[in-house]
Amino acid sequence: MAFLAAAVVLLAAICLLNLLLIFAVLRRLREHTDELDRLRSRPADPAAEEAGALIGRSLSDLVTATGDRPELVGFFDAGCSSCHELAPDFAVASRRAPSVAVVTGTGQGVDELVALLAGGPTVLLGKRATDVSASVGIRAYPTFVRVDAEGTVLHAQLTTVDGLMATAPA
């Protein structure tokens with residue numbers, strides 16, 4: 001009889017544990033569903049929205065960090081393959097106007113980006129670059145902006161330098 005009572009208690013404990021695990025899984029599924037709903041509610045072209053959100057922002061932190069008054073600013077990340085592809089284009093565009101490249105991240109990717117940007121823009125690295133990117137609100141890399149003399153963003157775009165090259169003074 002004692003054996004039967006022990007078996008029933010053990011079975012009840014296993015059932016309670018199973019019930020707790022089911023509740024944990026259901027809660028996690030609910031969190032995932034909420035995240036999917038949030039992602040589905042984003043606009044069709046998030047790049048345009050993110051770039052447009054930068055217009056009108058001040059780059060005074062960048063001016064303070066570099067001492068320059070750039071017309072073109074490129075935000076690059078060491079771990080971003082598109083950044084490595086577009087860095088030479090930005091270097092060419094930067095020869096037409098004062099410009100700054102803000103390079104975030106660490107490791108060998110930073111050295112590669114600096115080499116790709118050589119002969120072009122002033123390059124801002126390290127913690128200052130990370131702080132400037134955060135203060136401007138950069139969330140996607142690469143991001144390219146054109147600023148006025150006061151450091152206010154006039155034009156911003158993601159993943160291409162073409163529009164900035166067309167608007168840069170000769």
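This report describes the sheet, two helices that pack against it and a group of aromatic rings in a predicted model.

## The sheet

Five strands form an open sheet in the order β3-β2-β1-β4-β5, and their pairing is mixed. The edges are taken by β3 (122-124) and β5 (153-158), each of which pairs on one side only, while the twist from one strand to the next averages 20 degrees.

At the β5 edge, strand β4 (residues 143-147) pairs with β5 in the antiparallel sense, over five bridges. Within this pairing, V147 has V153 of β5 as its bridge partner.

## Helices on the sheet

Helix α4, which spans residues 81-94, lies across β1 (72-77), β2 (99-104) and β4, and its direction runs at about 160 degrees to β1. Helix α6 (residues 126-136) also packs on the sheet, where it touches β1, β2 and β3, and its direction makes about 100 degrees with that of β2.

## Aromatic rings

The count of aromatic pairs comes to three. In one of these, the ring centres of F76 and F90 are 5.6 Å apart and the planes stand at 70 degrees, which is over the 60 degrees required, so the pair is edge-to-face. This pair links distant parts of the chain, since F76 belongs to strand β1 and F90 to helix α4, 14 residues apart.

With a relative accessible area of 0%, F76 is buried, and F90, at 0% relative accessibility, counts as buried as well. Ring pairs join F76, F90 and F144 into a cluster, and the residue range of strand β4, 143-147, takes in position 144.

Note on methods
Residues numbered from 1 in each chain as written. Predicted model: local features only at pLDDT ≥ 70, side-chain atom pairs only at ≥ 80, totals over all residues. Heavy atoms only, no water. Pairing = 2+ DSSP bridges. Helix = DSSP H or I, 4+ residues; strand = E, 2+ residues; numbered from the N terminus. Axes fitted to C-alpha atoms, helices over the stretch in contact; angles between N-to-C directions. Contact = heavy atoms within 4.5 Å. Phe/Tyr/Trp six-rings, centres within 6.5 Å; stacked < 30°, edge-to-face > 60°. Buried < 20%, exposed > 50% of the residue type's maximum accessible area, 1.4 Å probe, protein only.
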